[in-house]
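Open the model in your viewer and keep the selection box handy. We will go from the whole chain down to single side chains, one stop at a time.

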Amino acid sequence: MDSQLFNTIAEIRVELGKLSIRLEKLDDFNRSLDDFKSQLKDISRRSEEVEKLALAALESTKSAHKRLNGASKIGYWLLTAVGGSVILAVVTFALKGGFYK
């Protein structure tokens with residue numbers, strides 16, 4: 001009877017050892033999971049920052065395009081005015097007989 005009791009106690013110790021190992025692995029898994037959650041939060045925070053920067057860059061780009069379009073229109077009208085003045089000067093010169101003198 002004593003040997004059966006010792007065998008049962010030995011089996012219980014073995015099972016407790018296995019259970020202890022499983023609990024350690026579970027603790028390691030939980031720590032890894034906590035690390036993963038922390039990294040995921042950091043990634044989420046960074047993606048929000050990148051999104052804000054992208055929106056700011058988009059607004060800045062829109063503003064720059066508006067300024068360039070305005071400058072382009074001014075350049076077009078300036079070139080048109082100068083070109084018209086040159087043509088008007090040539091026509092005036094021609095009408096006053098400038099080419100036949």
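One definition to carry along: a salt bridge here is a side-chain nitrogen of Lys or Arg within 4 Å of a carboxyl oxygen of Asp or Glu. Keep in mind, too, that this is a predicted model.

**Stop 1: the whole chain**

Show the protein chain as a cartoon. There are one helix and zero strands to look at. Along the principal axes, the C-alpha atoms fill a box of roughly 145 × 20 × 10 Å. The radius of gyration is 43 Å, whereas a compact globule of 101 residues would have one near 13 Å. Now switch on the surface: about 9600 Å² of the protein chain is accessible, and 65% of that belongs to carbon and sulfur atoms. How many of the 101 residues count as buried? The share is 1%.

**Stop 2: helix H1 and its end**

Select residues 2-95, which make up helix H1. H1 has 94 residues, and the distance from its first C-alpha to its last is 136 Å. That is close to the 140 Å expected at 1.5 Å a residue. Then click on Gly 97, which follows H1 and has a positive phi, near 85°.

**Stop 3: a nonpolar patch**

Next, select Ile 12, Leu 16, Leu 19, Leu 23, Leu 26, Phe 29, Leu 33, Phe 36 and Leu 40, and show their side chains. Together these residues make a nonpolar surface patch of about 870 Å². Pick out Phe 36, one of the patch members, which lies in helix H1. Is Phe 36 buried, exposed or partly exposed? Its relative accessibility is 48%, so Phe 36 counts as partly exposed; the exposed class begins over 50%.

**Stop 4: the salt-bridge network**

Now for the charged side chains. In general, side chains of opposite charge can pair when their charged atoms come close. By the rule given at the start, the structure has six salt bridges. Select Asp 42, Arg 45, Arg 46 and Glu 49, which salt bridges link into a network. You can trace it pair by pair:

- Asp 42 and Arg 45 meet in a salt bridge with an N to O distance of 2.4 Å. These two are separated by about one helical turn because they are three residues apart in helix H1.
- Asp 42 also forms a salt bridge with Arg 46, where the closest N and O atoms are 3.4 Å apart. This pair is four residues apart in helix H1, so about one helical turn separates Asp 42 from Arg 46.
- Arg 45 and Glu 49 join through their side chains at 2.8 Å, N to O. Both lie in helix H1, four residues apart, about one turn of the helix.

How accessible are the members of this network? Asp 42 is partly exposed, at 25% relative accessibility. Arg 45 is partly exposed at 39%, and Glu 49 is partly exposed at 41%.

**Stop 5: the aromatic pair**

For the last stop, select Tyr 76 and Trp 77. The structure holds one aromatic pair. The ring centres of Tyr 76 and Trp 77 are 5.2 Å apart and the planes stand at 75°, so the pair is edge-to-face; planes over 60 degrees apart fall in that class. Turn the surface back on to end the tour: Tyr 76 is exposed, and so is Trp 77.

Key. Residues are numbered from 1 along each chain as its sequence is written. This is a predicted model: local features need pLDDT of at least 70, side-chain atom pairs count only at pLDDT 80 or more; totals for chains, interfaces and linings use all residues. Side-chain values use heavy atoms; hydrogens and water are left out. Rings of Phe, Tyr and Trp (its six-membered ring) pair if their centres lie within 6.5 Å; planes under 30 degrees apart count as stacked, over 60 as edge-to-face and the rest as tilted. Buried means under 20% relative accessible area, exposed over 50%, partly exposed in between (1.4 Å probe, protein chains only). Patches are made of residues with over 30% relative accessible area and no salt bridge: like charges are joined within 9 Å, nonpolar side chains (Val, Leu, Ile, Met, Phe, Trp, Tyr) within 5 Å. Accessible areas come from the Shrake-Rupley method with a 1.4 Å probe; for residues, only the protein chains shown count as cover. The expected span of a helix is 1.5 Å times one less than its number of residues. The radius of gyration is taken over C-alpha atoms; the globule rule is 2.2 Å times the number of residues to the power 0.38.
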